[in-house]
Amino acid sequence: MATSDVRAPGVAPQQADDSFRESLWSATAHPGESCPPLTGSQKTDLAIVGAGYTGLAAAITAVRQGMAVTVIDSHEPGFGASGRNGGQVIPILKHGPTELVAQYGATLGKAMSDVVSASADAVFDLIQTYSIDCAPNRNGWVQAAHSPAAIPKIRHMYQQLLDHGADVEWLDKELTSKALGTRFYHSGWLHRGAGSVHPLNYARGLARAAASLGARIHGGTSATRLAKDADGWKLQTPQGELRAARVLLATNAYTADLWPGLRQSIVPLYSMQIATDPLPPELAASILPNAISVSDTRRVVRYFRKDAQGRLLIGTRGPFTARPSATHAKALVRSAREMYPMLGDLPFPYLWAGPVAVTTDSVPHLHNPAPGLWAALGYNGRGVAMATLLGQVAAAACRDREALASRYPVTGITPIPMHAFHRIGVHAVVSYYRLLDRFH
């Protein structure tokens, strides 16, 4: 694909379209499998709409449970957030175990905490089981305090996880500086069970695994209509139809109006990332020397890590577009150089973005709005780990709803009031948060 080669200093050219060809991941990914569009009339036990982590992990689980599975996607496996995210595998939510117990009760809250804690294991187990070549790294993740005022909040989360049995370690300022290779942060805590992957290679590896087990995967196949019929459900597509006893909607931030209210139950926010070319060895050794992943405590969070080849990646909230421009990236480049002055004028030739599905309660949602119909979405920036595990949970629920009762809450679909104006509201809130981050 031809793109403009005009670059602002230190940033990549503007993306030409929504195919994320300018992302680091698409530039370095293994080729994907051929997934021809669905044509004619087909029948299956479980139809899955969306070939991201949720849908593909669900497909693997369902096939192993003995179900015939067909996955359809408007584009290709990993096209959406599953191929655009930062690749951080983080087995926590924004709420800690104590908060989940307070919200959902002792039994279900504890079970949810166990599910969340197992989410990174789910990712790395799949990688090992199916020999997925996606640069798996389990060196850990640090939540770093960007100001002294943020320390009590992360200390509270650390203590909750420690009490829950997580493999975590508190880091004072000196240990944080040593782990991150910068004195920019005031303290932090390390989760040793976390890690990172090449996100697009992980998605394509899941697709390859699902297909090898017998799942049918069709790219270039939009679901244009969903309706109940005498035998279950019927999905209409541009070139055919798919009949299924059960349906799982796994479209996350790309959710459209296939089922009433589902799109309005989440807000798609865009996250933007930049990346360098592989750093020179001496420079790479001084930045994130142990190859951990990091997220900080800003209200408009920054997250960063190195990939397997030593490229530095940094991301934050971006504009409402999958095609950020050089202008949009300037502040992020400046932030990277403030944290790591040794970068000097080293360029950031990669620039890309993608949507993140955010829920009002910061918890991923699992819905069962009609018999045989399920939906899982809203990962709030924890999608690699939680989408994988919730896909597995949803597939098990499709087979046996009662088995789910004590593991994860099944909630009703609740549209967000004034959803049509969410961009205006989010823009105002993000601008306000950025202002607060300057002073706190």
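The paragraphs below lead through a predicted model, going from its sheet strands to a pair of crossing helices and then to its cavities.

A good place to begin is with the strands. Strands of a sheet pair through backbone hydrogen bonds, and they do so either parallel or antiparallel. In this model, eight strands form an open sheet, and reading across it gives the order β5-β6-β4-β13-β14-β15-β12-β16, with mixed pairing. The edges of this sheet are taken by β5, residues 168-171, and β16, residues 350-358; each of them has a single partner strand, so one side of each is left without a neighbour in the sheet. From one strand to the next, the sheet twists by 20° on average.

One pairing inside this sheet can be followed residue by residue. Strand β4, which covers residues 141-145, runs antiparallel to strand β6, which covers residues 187-191, and the two are joined by five bridges. Within this pairing, Val142 stands opposite Leu190 of β6. A helix belongs to this part of the picture as well, since α6 lies across β4, β5 and β6, and its direction makes an angle of about 155° with β5.

Other strands to look at are β1 and its partners. Strand β1, residues 40-49, runs parallel to strand β11, residues 240-249, and nine bridges join them; here the bridge partner of Gln42 is Leu242 in β11. The strand β1 also runs parallel to strand β2, residues 69-72, to which it is joined by four bridges, and in this pairing Leu46 has Val69 of β2 as its bridge partner.

From the strands we can turn to two helices. How do the axes of α5 and α11 cross? Helix α5, made of residues 119-129, and helix α11, made of residues 383-399, have axes that come within 8 Å and cross at roughly 80°, which means that α5 is roughly perpendicular to α11. On the α5 side, the contact is made by Ser119, Ala120, Ala122, Val123 and Leu126, while α11 brings Val384, Ala385, Met386, Thr388, Leu389 and Gln392. Sorted by class, the residues of this contact are eight nonpolar and three polar, with no charged residues.

Gln392 of helix α11 deserves a second look. Leaving aside neighbours within four places in sequence, Gln392 is in contact with Ala122 and Leu126, and also with Ala57, Ala58 and Thr61. Although Gln392 and Ala57 are 335 residues apart in sequence, their C-alpha atoms are 5.7 Å apart in space.

The last step concerns the spaces enclosed by the model. Three cavities of 30 Å³ or more are counted, and the largest cavity has a volume of about 60 Å³. Which residues line the largest cavity? Its lining consists of Pro91, Ile92, Leu93, His95, Gly96, Pro97, Leu100, Ser113, Val116, Ser117, Met157 and Leu161. The elements that give two or more residues to this lining are α3 (97-104), α4 (106-117) and α6 (151-163), and the largest share, three residues, comes from α4. By class, the lining of the largest cavity has eight nonpolar and four polar residues, and no charged ones. Helix α6 thus returns here: the helix that lies across β4, β5 and β6 also gives residues to the lining of the largest cavity.

How values were computed:
Residues numbered from 1 in each chain as written. Predicted model: local features only at pLDDT ≥ 70, side-chain atom pairs only at ≥ 80, totals over all residues. Heavy atoms only, no water. 1 Å grid on protein atoms, 1.4 Å probe; cavity = no way out; pocket = protein on both sides within 12 Å on 5 of 7 lines; lining within 4 Å. Points joined across faces, edges and corners; volume = space filled by probe spheres on them. Nonpolar A, V, L, I, M, F, W, Y, C, P; charged D, E, K, R; others polar. Axes fitted to C-alpha atoms, helices over the stretch in contact; angles between N-to-C directions. Parallel < 35°, antiparallel > 145°, perpendicular 65-115°, else oblique. Contact = heavy atoms within 4.5 Å. Pairing = 2+ DSSP bridges.
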